[in-house]
Amino acid sequence: MATFLYRIGRWAFRRRRLVGGLWLGVLMLAVAAAALAPSGEEQDLAMPGTESQRAFDLLDERFPQSNSQGAEARLVFRAPDGRRVTAGENRATVADVLGSLEGSDQVASATDPYTTGAVSEDGTIAYSTITYTADAVDLRESAKAALQDAASRARSAGLTVEIGGSALDAEEELGGTTEIIGVAVAAVVLILALGSLVAAGLSLLTAFVGVAIAFGLVSALAVPLGLTSTVAILALMLGLAVGIDYALFITSRYRDERARGSGPEEAAGRAVGTAGSAVVFAGATVVIALVGLGVVGIPELTKMGMGGAGAVALAVLVALTLVPALFGFFGRRVLSRTARKGMRPGGAARSRGREAELPGRDAGRAGLGARWARFVLRRPVAVLMVAGLGLGAVALPALALELGLPGDESKSVETTQRRAYDLLSQGFGPGFNGPLTVVVDTSESGNTRATTDLVVKTVKGVDGIASVGEPVLNRTEDTAVLTAVPRTAPNSGETKDLVHAMRSALSGVSSGTGAGILVTGTTALNIDISEAMSDALIPYLSVVIGLAVLLLTVVFRSVLVPVKAALGFLLSVGAAFGVLVAVFQWGWAADLIGIEQTGPVMSLMPILIIGIVFGLAMDYEVFLLTRMREAYVHGASPGEAIVSGFRHSGRVVAAAAIIMVSVFAGFIGMNSPTIQTMGVGLAAAVAFDAFLVRMAIAPAVLALLGHRAWWLPRILNRVLPDVDIEGESLSRHVPASSAPSQTSAAEPAPVRQLPVGRD
């Protein structure tokens, strides 16, 4: 692979105008397609195969005139202090407001709180339910405007009015201040790491090109594929983070090769052949893990995985082709000022300039990376214990992980949805915001009314039910629907237990009458999705870990290195889950990031974070260990190989990790619980994995293992393919420099016979 990528790098450098023109054309087409495509809309979260989803599907079939998951709004009215909402003038105001909604755009019905009994016991709070003919995602702006105007009319009359439900749910928008700060931090880190504005700008430019193309494609395909704003944000987040990192890795290796004496074209080829090989492998692991999210069975999660995978694949292609092409455009300006001063007119570096160009290393003294590696070599047990126990302590809260889906209760108190939620809880109890729907199907058994009466009696007898509404029959009277209100809040553990208790009690009724009885509603659907995510977590984690061990065994031709990498990955992911629990469940430092209401962790997050972090963790593992293995196979001792890996890659990997953490953290300030959780989880996982697992635990374990770290059984040595990720084939078959005076540098150092086990 290294030889093939070497040729791509040289070709892109030589044909830089063609390559640049092609990418510019693709960018313009993607932007044009996004501009011309209709706007995408949010999709309802669904989980095919669950009891809740089967009930929703049955309701759509038996009640075609309604929409089981259609948009709904609740106008919540509260009288001024000391007065009742049932007073004559307040009743007149409510009637006037509801009358203004009759016949409005997409409105199906608006209930009268005084005839439906939707008034609190103390008479201070009442609500009206407005149903719509369209889903929340298809609700027009005119319908939302009419709803808000109605609320304004009531406020003008002296009532407090808030709007709950799904009607005002909005698509998440980009462009917040925190994202800009994240990119700004990434730019500063690039400048400090590379010592060149041009080199830093090159990495940012190529990342933006890849992200713009990915975002344009997601926008263009939003309607035909049903892609939501969350898919676009994930593509942006991942594409920006890995795009900057991949360009940084290849740029750093290019500068390294120039410092060794290679000419510009040769250095571009070698950078793509070596660092580019690691980019391909790291990108492939992210893509595989994200595409694998489709096996969970949630359409939205599948789309998120595919969108993120596409953005990462584009970042890899840009890094392998556009980055070396820009080397040709920018010339020596990619190098640091010190390195440029040490360059001969012919392009080769003088010996005094070579050391300065190596990342993390200054002329005449060891860099911070090498000094840290030597510290770890002197105290491997202490470093291993401190880092391992520290991560273990951070991971402890993960044992209390609870999964759920956010509702209005998780929104800011500045929003009308959250204030409506609080008013309804105050007036009617916390369970009123999460009613459960029971669907009774008697198409096969008959006797609908008797069966429904038995169901009502059974549901009322379940401990935890506050009230049960009157059943509603469809036109053919073979299906009944009734609503049960729990005593507890939608996201509480008691409500989860209540749903299971209801289903258990109703299963006896179903078997005795032959009717199909299903419990659904938004709360039940959220519970079903969360349990499906919990059940899929261990199998998915096992697949990811197995894939990591297999791929790393092929890459490093070692048994213990992959096992060490997999265990380190588990540590970093566990610590990230611990942070999520501490922040989002327990409320630690929640005020700092604008979390006003604690609750269960978003049910999609654990699997999504595992899929993303798996690939990102492999980035740092590959870039550090390829340099270590390269030094080891050329005769260095295990300790010297560790120092060499940190000397050449430590500073770059640290910079890449800081950049990635900054980009992910930049999304924490968005007003979406999904994106906030994703930003916190990914930023924490990358920080733990890069700085504690790969830079502390990994070298400590390698130091303790010594030569055994690179041991491989003979049978595996014979059957495993040689992917040559460290570019050994380039040393054997390709001249190291296009400069005649440097041809001696092409002669490879003696290659060590790696320890191979017996059959």
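Helix 23, which spans residues 638-665, contains Ile658. In this predicted model, Ile658 joins Ile181, Val185 and Phe691 in a nonpolar surface patch of about 300 Å². Ile658 counts as partly exposed because its relative accessibility is 35%, a value that lies between the 20% limit for buried residues and the 50% limit for exposed ones.

Turning from the surface to the interior, the largest nonpolar core comprises 173 residues. Within this core, the residues with the most contacts are Tyr246, Ile250, Phe569 and Phe664. Helix 22 (residues 605-633) supplies the largest share of the core, with 19 residues. A second core of 27 residues is separate from it, and its members include Val107, Ala126, Leu139 and Ile163. The surroundings of Tyr246 can be followed residue by residue: leaving aside residues up to four places away in sequence, Tyr246 touches Val279, Ala282, Gly283, Val286, Val312, Ala315, Val316, Ala319 and Asp619.

Helix 15 (residues 368-378) offers a helpful view of how one helix is placed. Its buried residues are Gly369, Ala370, Ala373 and Val376. Viewed down the axis of helix 15, these buried residues fall within an arc of 120°, so they line one face of the helix. Leu368 and Arg378, on the other side of helix 15, are exposed. The cover over the buried residues of helix 15 includes helix 16 (380-395), helix 23 and helix 24 (673-705).

Charged side chains add another layer to the picture. Side chains of opposite charge can pair when their charged atoms come close. Across the whole structure, a search finds 21 salt bridges. Arg62 takes part in a salt bridge with Glu61, at 3.7 Å from N to O, and in another with Asp441, at 2.8 Å from N to O. Since Arg62 belongs to helix 3 (residues 51-62) and Asp441 to strand 6 (residues 436-441), the pair ties together parts that are 379 residues apart in sequence. Both Arg62 and Asp441 are buried. For Arg62, the relative accessibility is 16%, whereas Glu61 is exposed, with a relative accessible area of 56%.

A further salt bridge is formed by the side chains of Glu162 and Arg419, at 3.0 Å from N to O. This pair also links distant parts of the chain, with Glu162 in strand 4 (residues 160-165) and Arg419 in helix 17 (residues 416-428), 257 residues apart. Glu162 counts as buried at 8% relative accessibility, while Arg419 is partly exposed, with a relative accessible area of 32%. Elsewhere, Arg10, Arg14, Glu265, Glu266 and Arg270 are joined into one network by salt bridges that share partners.

Finally, Arg15 sits in the loop between helix 1 (2-14) and helix 2 (16-36). Its relative accessibility of 49% means that Arg15 counts as partly exposed; the threshold for an exposed residue is over 50%. Although Arg15 and Thr321 are 306 residues apart in sequence, their C-alpha atoms are 10.0 Å apart in space.

Note on methods
Residues numbered from 1 in each chain as written. Predicted model: local features only at pLDDT ≥ 70, side-chain atom pairs only at ≥ 80, totals over all residues. Heavy atoms only, no water. Patch = residues over 30% accessible without salt bridge, like charges linked within 9 Å, V, L, I, M, F, W, Y side chains within 5 Å. Areas by Shrake-Rupley, 256 points an atom, 1.4 Å probe, with all protein chains shown as cover. Salt bridge = Lys/Arg side-chain N within 4 Å of Asp/Glu carboxyl O. Helix = DSSP H or I, 4+ residues; strand = E, 2+ residues; numbered from the N terminus. Buried < 20%, exposed > 50% of the residue type's maximum accessible area, 1.4 Å probe, protein only. Core = buried A, V, L, I, M, F, W, Y, C linked by side-chain atoms within 4.5 Å. Contact = heavy atoms within 4.5 Å. Arc of directions from axis to C-beta.
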